[in-house]
Amino acid sequence: MVEVREAQADDYDAWLRLWKGYLHFFGTDLDEAVTLVTWRRVLSPDSGLFCRLAETEQGVVGFAICVLHEGTWVTRPLCYLEDLFVDEAARGKGAGRALIEAIIDEARQKAWSKVYWVTRTGNPARALYDQLAVVDDYVRYRITI
């Protein structure tokens with residue numbers, strides 16, 4: 001059984017272990033200061049970021065970090081699911097699905113206009129994503145500053 005809940009300050013160590021796994025999965029490192037600021041933001045009621053944790057009898061096994069923001073084509077908030085990660089040992093047991101479904105349920109309860117995310121074309125989690133959402137035809141461009 002997977003329970004999804006809001007992250008709390010005392011979840012930092014469990015989240016940090018997963019966060020480091022997430023960064024490793026994407027082959028990147030972040031300055032520790034960025035990680036600390038991210039954690040502070042997900043806990044702050046003044047931030048558009050929020051974090052949900054997936055917990056089983058093994059402890060915290062996954063997280064989702066979202067950005068709630070305004071949009072120009074809607075009058076209700078949009079939810080960008082920016083980061084989603086499940087510990088490798090817990091994959092395929094429902095934690096990723098539970099996280100996404102909990103965010104969708106929250107979006108419905110709070111009348112957000114949309115939940116959306118992007119992922120790499122080769123991400124194996126797409127097997128799950130394809131069951132829950134519709135792939136659109138947009139291409140992402142970026143300029144790193």
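Buried means under 20% relative accessible area, exposed means over 50%, and partly exposed is what falls in between (1.4 Å probe, protein chains only). You'll want that for the exercises below.

This is a predicted model, where local features need pLDDT of at least 70, side-chain atom pairs count only at pLDDT 80 or more, and totals for chains, interfaces and linings use all residues. Residues are numbered from 1 along each chain as its sequence is written, and side-chain values use heavy atoms, leaving out hydrogens and water.

**Exercise 1. Work out the order of the strands in the sheet, and find its edges.**

Step 1. Get the elements: helices (H or I, at least four residues) and strands (E, at least two) are DSSP runs, numbered from the N terminus. Two strands pair if DSSP finds at least two bridges between them.

Step 2. Lay them out. Five strands make an open sheet in the order E1-E2-E3-E4-E5, with mixed pairing. Strand E1 (3-6) and strand E5 (114-116) are the edges, each pairing on one side only. From one strand to the next the twist averages 30 degrees.

Step 3. Zoom in on E2 (residues 49-56). Four bridges join E1 to E2, and the two run antiparallel; here Glu6 has Arg52 as its bridge partner, while Arg5 stands opposite Leu53. On to E3: eight bridges join E2 to E3, again antiparallel, and the two form a hairpin with two residues between them. Seven of the eight residues in E2 are buried.

**Exercise 2. Find which strands helices H2 and H3 touch or lie across, and at what angles they run.**

Step 1. Settle the geometry. Axes are lines fitted to C-alpha atoms, for helices over the stretch in contact, and angles run from 0 to 180 degrees between N-to-C directions. Contact means heavy atoms within 4.5 Å.

Step 2. Helix H2 (residues 32-43) lies across E2 and strand E3 (59-69), at about 90 degrees to E2. Helix H3 (residues 95-110) packs on the sheet and touches E1, E2, E3, strand E4 (78-86) and E5; its direction makes about 165 degrees with that of E4.

**Exercise 3. Trace the salt bridges of Glu106, and say whether Arg52 and Glu106 are buried or exposed.**

Step 1. Fix the rule: a salt bridge is a side-chain nitrogen of Lys or Arg within 4 Å of a carboxyl oxygen of Asp or Glu. That rule gives seven salt bridges.

Step 2. Arg52 and Glu106 form one of them, at 2.8 Å from N to O. This pair ties together distant parts of the chain, strand E2 and helix H3, 54 residues apart. Arg52 and Glu106 are both buried.

Step 3. Glu106 also bridges to Lys110, with the closest N and O atoms 2.8 Å apart. Both sit in helix H3, four residues apart, about one turn. Glu106 has a relative accessible area of 11%, whereas Lys110, at 48%, counts as partly exposed.

**Exercise 4. Describe the surroundings of Asp11.**

Step 1. Place the residue: Asp11 lies in the loop between E1 and helix H1 (12-25), and is buried at 8% relative accessible area.

Step 2. List the contacts. Leaving aside neighbours within four places in sequence, Asp11 contacts Arg5, Glu6, Trp39 and Leu53. The Asp11 side chain also reaches the backbone nitrogen of Gln8 at 2.7 Å.

Step 3. Add the charges: Arg5, Asp11 and Glu55 are linked in a network of salt bridges. As for Glu55, that residue stands opposite Val60 in E3.

Conventions. A polar contact is a pair of N or O atoms within 3.5 Å; within protein, one must be able to donate a hydrogen and the other to accept it, and residues adjacent in sequence count only if both atoms are side-chain atoms.
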